[in-house]
Structures are given as structure tokens and as C-alpha cells.
Amino acid sequence: MQTIISKLKLPKQLTPLSDIAANLWWTWNANARALFEEIDPKRFDQYGHNPIKLLCGLSEKDKIRLQENENFMRRMQRVHKLLNRYTRARTWYAQQKYPRNRCIAYFSMEFGLHESLPIFAGGLGVLAGDHFKSASDLGLPIVGIGIFWRRGYVRQRIDGDGSQSAKYDRLSPDMLPLEEVRNASSRPIQLKLQAGDHTIAIGAWRLNVGRVPIYLLDTNLPENKPEIRSLTGRLYAGDRETRILQEIVLGMGGWQLLNKLKAPVAACHLNEGHAAFCQLQRIADLVATGKSYAQAKREVSATTVFTTHTPVPAGNEAFAQKLAAKYLRPFCEANNLNLDRILKLSRVDPTNANEEFGMTPLALRLSTKRNGVSALHGEVSRKMWAAVWPGKTVKQVPIKHVTNGVHTDTWMHPQMAALLDAYLPKDWRISQDRTRMFKAVEQIPDEALWTLHESLKQSLVELARQSHAKRLSRIGASKQLQSAAATILEPNALTIGFARRFATYKRATLIFSDLKRLDAILNHSDCPVQLLFSGKAHPADTEGQSFVAQVCKHAAKTKFRNRIVFLEDYDMNIARHLVSGVDVWLNNPRRPQEASGTSGMKPALHGGLNLSILDGWWPEGYERNRNGWAIGEPTDSKNTKMDDLKDAKALYRCLEKEVVPLFYKRDRAGLPKQWIRRMKLSIMTIAPQFNSHRMVKEYLKGYYLPLLRKR
Ligand SMILES: *Cc1c(COP(=O)(O)O)cnc(C)c1O
């Protein structure tokens with residue numbers, strides 16, 4: 001990637017570093033990560049693990065120091081070779097002799113690939129990122145379409161009173177592994193999109209994720225008016241007008257970009273309904289070639305996969321019909337389409353003009369392969385959208401499911417992966433979707449697994465202490481509190497993690513329902529328990545913010561100060577620390593609102609045990625008395641205080657009667673043998689099933705391949 005190499009001004013001997021930094025492959029290769037970290041661990045942290053910033057900041061002396069360090073140079077060459085080998089190797093996909101001349105275009109509003117590229121808000125984005133990493137590892141022909149959110153998603157600062165203040169980054173493309181997309185005469189590509197009265201100029205950046213590209217659209221161009229320039233500024237911020245324009249840019253602009261690049265697209269995969277305007281552009285393009293609307297609609301639908309990600313209303317985007325018509329009327333007029341027909345596609349009941357313009361019904365109607373993200377969510381979605389198919393029974397509603405998975409190399413701590421390397425078959429990583437690959441976890445000596453776990457927990461506790469101290473100093477807490485921060489928490493105590501977006505249905509405050517009972521659990525003299533929280537509330541979600549404040553207030557109480565910590569500004573770095581260090585991962589949403597919830601799959605890779613409501617993926621993963629716990633019964637919540645109370649009681653009971661006693665039951669050598677047995681079962685049962693290699697292969701076999709093969 002020429003631009004980055006020239007920008008970095010590295011001496012020739014060090015240029016392999018810029019090649020490595022230019023491909024996000026480094027984020028999931030332990031050797032590459034270690035290489036950057038070694039250059040200067042402190043600065044690497046300060047720069048938010050952004051290797052380009054790190055390399056830019058190197059002084060001449062630093063550069064000489066590195067070049068004179070033979071060991072470092074040798075390892076740099078080795079990582080460089082690994083990268084080249086990775087990008088050139090014959091892939092799993094190639095070995096299957098699957099079609100290679102066409103590709104899948106995957107549209108997503110957000111991509112969560114690494115903390116240094118914060119263009120995502122939560123699970124939806126992280127899932128898209130993991131999808132691409134696995135697609136790259138396996139060698140699938142896929143291109144991504146997303147948006148370069150220059151101000152990223154909201155950053156979280158929590159004030160002394162627990163209130164969350166919002167801040168936004170300013171991302172500089174110069175400091176990211178982005179390559180401006182150029183045309184044949186090497187001028188930056190520019191699209192012109194007409195949206196109502198606005199003419200929107202759109203540029204694009206190419207991001208290399210291993211072997212596959214993601215194109216990020218950008219309206220921050222001098223040609224645009226200020227309000228259009230800032231369209232691709234903040235993710236999930238701004239008014240309805242802004243949002244619909246952002247989605248027009250993503251869907252229609254994304255499709256135009258693919259055309260301009262002459263990408264041989266066999267089918268589109270819409271990751272959530274945000275990108276559904278893409279379908280209208282595709283229809284318009286076909287109508288322009290002389291096809292009838294009906295035929296165009298049929299062709300577009302037949303080559304579209306749509307994944308719905310949530311039953312929660314806020315996640316199913318809808319616009320006022322008037323607002324949608326404002327932009328779609330000129331579009332339809334310019335493209336010989338009938339506006340009324342298009343508007344009807346967006347309603348569950350096409351005849352009901354009072355219904356909002358729903359991106360989910362639009363996507364459902366303009367696709368033929370549709371899925372939810374867990375078995376339960378598939379069921380819930382069929383019920384929820386049954387009215388789109390009048391005359392069909394709920395069972396017949398054509399929405400299936402592909403259960404989410406996580407990218408193992410991203411989420412498994414390198415030391416845990418190294419431990420597995422010593423016991424598992426050589427090819428366990430690429431064949432991680434086979435249960436037998438993990439069978440040898442049984443052979444790992446209990447002591448080895450436990451010692452590693454304790455050390456990962458220790459480094460999590462360190463992170464929590466540092467983060468807490470930093471916040472206390474910022475909010476001007478007393479010197480006494482500040483110095484106490486260095487010793488909060490106990491490295492050996494039973495540690496429970498809860499980290500996710502603070503959407504209210506996730507009920508972050510459930511465990512505080514009975515403070516006396518919680519106090520007794522946490523502050524038990526022989527069997528202490530501690531809680532680590534992290535997560536942002538959406539800036540417009542006042543209730544979610546009040547949950548953040550409540551957790552912080554409880555955490556600040558004298559009796560909980562040493563037992564509860566809130567880590568501010570949840571990101572993938574905090575997530576990696578949490579999931580590799582906790583004993584238990586807590587998840588207590590209102591069933592069935594957690595469509596999948598992937599975070600619990602990540603601690604399981606390290607033997608962390610899930611303690612969860614039977615919602616999302618957990619009914620598929622949970623094995624009683626083996627790999628974790630279910631909170632309460634698998635009944636659907638009616639959203640009442642009674643349900644909350646009942647679930648809180650079930651949670652306390654499970655902690656008191658099962659989790660805590662099992663954790664503190666030690667043998668003579670001090671090992672919790674039965675707990676370790678469950679840790680191993682957690683890895684053995686969850687790792688091979690809930691990884692994104694398995695997920696991507698399911699999309700490939702059930703959804704992509706028939707479309708890649710069809711002509
Ligand atoms: C895994 C992950 C998520 C998804 O979490 P769920 O709430 O379980 O869906 C969100 N944010 C980050 C940073 C993650 O790593």
C-alpha cells in the first residue's frame with residue numbers, strides 16, 4: 001500500500017513494518033501484535049494500539065535502535081513472511097473447487113475490526129468484522145461495503161455523579177490502513193448521488209482485511225455542502241433526515257461503487273436492514289436496461305441474502321413515510337419506478353399508509369434468503385414478521401437462522417491459543433468448526449489451565465485498577481481514593497464480567513435488585529465475589545444512561561468499592577481483557593430480546609463459564625451441569641417488574657447455591673477440580689460450535705454458494 005509506506009518515511013530495512021500495519025491481518029496474528037507491542041508497549045497503548053501512529057511517532061534514534069536489534073529484525077522478517085504466505089496461500093475455499101469468478105457483496109452500517117478503527121457501536125459491527133476475518137482465513141470471494149465514520153461512535157467518559165458524557169474521535173485516514181480508491185488514471189474515484197435536492201459526492205477507501213477488501217464510503221469531500229460532508233461523521237447520531245441520507249449513501253452509493261469498480265457481484269448480503277436502499281438502486285439499474293419492474297424485482301430478490309439482527313424496535317429502522325417519500329419520489333421519477341409500489345414494499349401491511357417506512361420489511365420483501373442469528377431468534381423473527389406473508393403459517397414463514405459465531409484468533413488470548421497448540425491437532429485453527437479438534441482439551445493438565453487462567457485474571461485486574469485510577473484522577477476524587485485504586489479487587493476472587501451496550505433490555509442493573517443479598521454474596525469473608533462492568537449507553541437513550549449511572553453509584557459505595565468496578569469506554573481492547581480473564585460471564589436480558597449475543601462465546605474460549613438467561617445463542621450452547629448455568633426458566637418475559645424480580649431471585653439463587661460453592665471448592669493443592677472440569681467442557685463444547693469459521697461456512701453452503709453458482 002504505497003500511500004502508507006511513503007507517509008511513514010521508514011528506512012528501507014524497516015518497510016516490512018508498514019506492509020504489516022497496512023493489512024488488518026496483524027490484528028489477529030499474535031506474532032504481528034507482539035511485534036508492534038515490543039517496539040514500545042507504553043506508546044502502543046497510548047496510541048490505542050494503532051501501529052501506524054506508533055510508526056509515525058518513531059524518532060530517528062528509535063529507528064536505529066530497532067535496526068540494530070537483530071532479534072527484532074529477525075522476527076519482523078518472519079512476520080512479514082507469514083503475512084505474504086497468508087495472502088498467497090491456496091485457501092480452504094480454493095481447495096473445495098468452489099466458483100471463483102464472482103463474489104458476494106456484504107453491506108453493513110458498521111464494522112468492528114479493531115479498537116484502532118472505531119467505526120462500530122456493538123455486536124452488529126463486531127459480528128461483521130468477525131465475518132470478514134473468517135471469510136479471509138477461509139478464502140471466500142467477498143467484498144465489504146461500509147462507511148468511514150470519521151468521528152466514529154461515541155466515546156464514553158463517566159463523571160463523578162455517574163453521568164455519561166459523550167465525546168467523539170476525529171479519525172484521520174492518514175493514520176489508518178486506508179487506501180484511497182482510485183480510477184485507471186489514478187485519480188480518486190468519486191460517485192455522484194442524487195438524493196432529493198442534494199447532490200452527494202462520495203469517495204471511497206479500501207481497507208484490507210487479510211485477503212478480502214472492505215470499501216468504506218466517505219462524503220467528507222470539498223465538493224459537498226457542510227451538512228453533506230458531515231453525513232459520514234458520527235455513527236448512529238443525528239436526526240432522522242441525517243439517518244435516511246446515511247442509509248441512502250450506504251445502500252445506493254455502495255451499489256454504485258461496486259458498479260464503478262466492475263466488481264463481479266453474484267449476490268448481496270444485507271447485514272441488517274440499514275443497507276436496503278441498495279435493492280432499489282439495483283432494481284433501477286435493471287429497469288434501465290429494459291427489464292420490467294417485476295422482473296427486476298425478482299432478479300434482485302433472488303440474489304439477496306438478508307440477515308435480521310434484533311427483535312428490538314430500535315434496531316429495526318423505520319422512517320416516516322413522508323420522509324422516505326421526500327427522497328424516493330425524485331429517485332422513482334428519475335428511474336421510471338412507481339413510488340407507491342416502492343412505499344408498499346416497506347410496510348408489513350402494504351395497504352396501511354399509516355405504517356412507517358420500515359427497512360426490515362423492505363429488506364424482507366426484496367430478498368429470498370433470510371435469516372435470524374440464533375435458532376430462537378429465527379423462531380421469534382418468523383413470528384414477528386409473519387404478517388409480511390399472509391396466508392402462511394408461522395412455521396412456513398421463509399426466515400431461517402444461522403447462529404452467530406466469534407473469530408477465534410481475534411478473541412482467544414495468544415497464551416490460551418499457545419496452550420491449545422501444545423495439545424490440539426496441528427490444523428485445529430483452520431478446522432476449528434470440528435468438535436473433535438478440541439477433544440484433547442481434556443489432556444491439558446488442570447494445573448496448567450488454572451495457572452494460565454489466574455495469570456490472565458491478574459492482568460484483567462491490573463487493567464481495571466489502571467482504568468479506575470485514571471477515571472478517579474480525572475474526576476478529581478480524593479487522594480485517598482486515588483491511591484486505594486491501586487489495590488482494589490482481589491486477583492483470586494471469583495470474578496464476574498458483564499460488558500455490553502447498555503440497552504435497557506439487557507438489564508445491567510438486575511443484579512442490584514436486592515442490595516442486601518448482593519452485599520452478602522460479594523463481601524462473603526471466605527468466598528468473595530467481584531463484578532466488572534463495562535458498556536456504553538446510546539447518547540439518546542436516557543434510560544440506558546441512567547443504568548450506567550446506577551451501576552457507577554453502587555460501585556462507588558464504601559461496601560462495594562473493592563468489589564465492583566465500572567470500566568469506562570468499552571471497546572475491543574477492554575473486551576479482550578475481560579473475556580480472557582473472568583471466571584463467569586453474566587448475561588441477563590429480557591427473553592427473547594437478545595437475538596444472539598456473541599460476547600458470551602468469547603470467555604468460553606478461555607474456559608470462562610456463562611451464567612445466562614436462556615436467550616439468544618445460549619439455549620443452543622448450554623449443557624446442564626456441564627458448561628455453565630441457565631438463569632431461571634426459559635419463559636418469555638412480559639416486560640414487567642415481576643419478571644425482573646423473578647429473574648433476579650433466580651440469579652441470586654444460582655450464585656449462592658451453585659456458582660460460588662463450586663468455585664471455592666478446592667482440593668489439597670488448592671485447585672477447584674470440578675470448576676476446571678467445567679472450564680474444559682466450556683472450551684470443548686462452545687469453541688467448535690460458536691466460532692465464525694463455522695458461521696461463515698454455513699452462510700457459504702446454505703446461502704452464498706447457490707448464488708455464486710447460478711448464472
Ligand atoms: C462481542 C462484543 C459485543 C457483542 O456483545 P453482545 O452484547 O453479547 O452482543 C459488543 N461490543 C464489543 C466490544 C464486543 O467485543
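**Caps, rings and domains**

Biologist: Let's start small: which residue caps the N-terminal end of α24?

Modeller: Keep in mind that this is a predicted model. A side-chain oxygen lies 3.0 Å from the backbone nitrogen of Asn 573. Polar contacts are counted within 3.5 Å. The residue that brings in that oxygen, and so caps the N-terminal end of α24, is Asp 571.

Biologist: And how many of the 10 residues of α24 are buried?

Modeller: Helix α24 runs over residues 572–581 and is mostly covered. Among the buried ones are Met 572, Arg 576 and Gly 581. The count of buried residues in α24 is nine.

Biologist: Okay, rings next. What kind of pair do Phe 111 and Phe 132 make?

Modeller: The structure holds 27 aromatic pairs. For Phe 111 and Phe 132, the ring centres are 5.5 Å apart and the planes meet at 90 degrees. Planes over 60 degrees apart get their own label, so this pair is edge-to-face.

Biologist: How many residues apart in sequence are the parts that this pair ties together?

Modeller: Phe 111 is buried, and so is Phe 132. Phe 111 lies in the loop between β1 and α9, while Phe 132 lies in helix α9 itself. The pair therefore ties together parts whose separation in sequence is 21 residues.

Biologist: What about Trp 629 and Trp 675: what kind of pair is that?

Modeller: Their ring centres are 5.6 Å apart, with the planes at 40 degrees. Stacked needs under 30 degrees and edge-to-face over 60. An angle of 40 degrees fits neither, so the pair is tilted.

Biologist: Which parts of the fold does that tilted pair tie together?

Modeller: Both Trp 629 and Trp 675 are buried. They also belong to a cluster linked by ring pairs, together with Trp 450, Phe 663 and Tyr 664. Trp 629 and Trp 675 tie together parts 46 residues apart in sequence, because they lie in strand β20 and helix α28.

Biologist: Which ring does the charged end of Arg 234 sit over?

Modeller: A charge has to be within 6 Å of the ring centre to count. Arg 234 has its charged end 4.4 Å from the centre of the ring of Tyr 168.

Biologist: Zooming out, how far apart are the centres of domain 1 and domain 3?

Modeller: Domain 1 covers 4–88 and domain 3 covers 434–690. Domain 2 is built from 92–154, 167–404 and 696–708. Taken over C-alpha atoms, the distance between the centres of domain 1 and domain 3 is 35 Å.

Note on methods: Residues are numbered from 1 along each chain as its sequence is written. This is a predicted model: local features need pLDDT of at least 70, side-chain atom pairs count only at pLDDT 80 or more; totals for chains, interfaces and linings use all residues. Side-chain values use heavy atoms; hydrogens and water are left out. Rings of Phe, Tyr and Trp (its six-membered ring) pair if their centres lie within 6.5 Å; planes under 30 degrees apart count as stacked, over 60 as edge-to-face and the rest as tilted. Helices (H or I, at least four residues) and strands (E, at least two) are DSSP runs, numbered from the N terminus. Buried means under 20% relative accessible area, exposed over 50%, partly exposed in between (1.4 Å probe, protein chains only). A charge sits over a ring if NZ of Lys or CZ of Arg is within 6 Å of the ring centre and within 35 degrees of the ring normal. Domain bounds come from an automatic or database domain assignment. A polar contact is a pair of N or O atoms within 3.5 Å; within protein, one must be able to donate a hydrogen and the other to accept it, and residues adjacent in sequence count only if both atoms are side-chain atoms.
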